[in-house]
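Me: Please pick one part of this structure and go through it closely, together with whatever surrounds it. I would like one connected account with the cut-offs stated.

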Amino acid sequence: MFDKRITVFMGHYGSGKTFTAVNYALALAKLGKPVSIYDLDIVNPYFRTVDALEVLDKNGVELVVSPFAETNVDIPAMNAKSYKMVDDKSRYAVADIGGDDRGALALGRFRDKIIEENDYDVLWVVNCFRPETRTIDGALEIMAEIEQTGKLKFTGIVNNANLGIETTAEDILSGYQFTLELSKKTNLPVKFSSVRRDLMGDKLKKLKDILTIDPIKYGDWL
């Protein structure tokens, strides 16, 4: 965790990929890293990352979104500043990609430069409690679709098992076991688990790596 300059987060609708990407960027900033977060979901102009603009700005994280974010204009468009993700190697880049294979289309235009730099992770954010990814076969099918469109292979998996405000430590552990099974099927490592700070305790000590989040600030994003 935190060892690549570019970290791309992808996942199916409702997986919590945007929520995870925002918290990952904030964690990088708290480590003193210069970081920008790029919302590259050109299919849906109602960008969730923009909801976190205030807290991102407060923590020194640059947010790059469509020029039509927070408007009623339904035009697939990408901010010209998005190319800084691959061109400005002085900053860490966190990318939030759309929630299906169409959303992954935006990633394709950056593929060659990302591979050339070879300092990246492409992480599959999975919530095993979502209908489409509650089975290993379902998760594998969606992963394959997104990989084919985005033209970049996943390099790791993120356990973001949650049931919103009803989430328990047991739910997160259940999700961790799910991602371990997914890891065996794909030969991809489980990079970390996303855990609400108030759920941290002895039960979750067995998890290898944890990205803690604050439910007071981000509760309704779960």
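Reply: Two strands count as paired if DSSP finds at least two bridges between them. Strands (E, at least two residues) and helices (H or I, at least four) are DSSP runs numbered from the N terminus. The model is a predicted one, in which local features need pLDDT of at least 70 and side-chain atom pairs count only at pLDDT 80 or more, while totals for chains, interfaces and linings use all residues. Residues are numbered from 1 along each chain as its sequence is written, and side-chain values use heavy atoms, with hydrogens and water left out.

The part chosen is strand β6, residues 156-159. It belongs to an open sheet of eight strands with parallel pairing, ordered β3-β2-β4-β1-β5-β6-β7-β8. Pairing on one side only marks β3 (62-64) and β8 (210-213) as the edge strands. On average, neighbouring strands of the sheet are turned by 20° against each other, direction ignored (axes are lines fitted to C-alpha atoms, for helices over the stretch in contact, and angles run from 0 to 180 degrees between N-to-C directions).

Helix α1 (residues 17-30) packs on this sheet and touches β6, along with β1, β2, β4, β5, β7 and β8; contact here means heavy atoms within 4.5 Å. The direction of α1 makes about 170° with that of β4.

On one side, β6 pairs with β5 in the parallel sense over four bridges. V158 of β6 is the bridge partner of V125. With β7 (residues 190-196), β6 forms three bridges, again in the parallel sense, and there V158 stands opposite F192.

In a regular strand the side chains alternate between the two faces of the sheet. In β6, G156 and V158 point one way, I157 and N159 point the other way, and all of these are buried. Buried means under 20% relative accessible area, exposed over 50%, and partly exposed in between (1.4 Å probe, protein chains only). The neighbour β7 is largely enclosed by the rest of the structure, because seven of its seven residues are buried.

Helix α7 (residues 169-186) also meets this strand: its buried residues pack against β5, α6, β6 and β7. Among those buried residues are I172, L173, Y176, F178 and L182. The 18 residues of α7 reach 25 Å from first C-alpha to last, close to the 26 Å expected; the expected span is 1.5 Å times one less than the number of residues. Just after α7, N187 takes a positive phi of about 60°.

Next to α7 comes α6 (136-150), one of the elements it packs against. The end C-alpha atoms of α6 are 21 Å apart, which agrees with the 21 Å that its 15 residues should span. Buried in α6 are I136, G138, A139, I142, M143, I146, E147, T149 and G150. These lie on the same side of the helix, because they cover an arc of only 165° around the axis, the arc being that of the directions from the helix axis to the C-beta atoms. The face turned away from that buried side carries the exposed residues D137, E141 and Q148. Cover for the buried residues of α6 includes β1, α4 (105-108), β5 and α7. Just after α6, K151 has a positive phi of about 65°.
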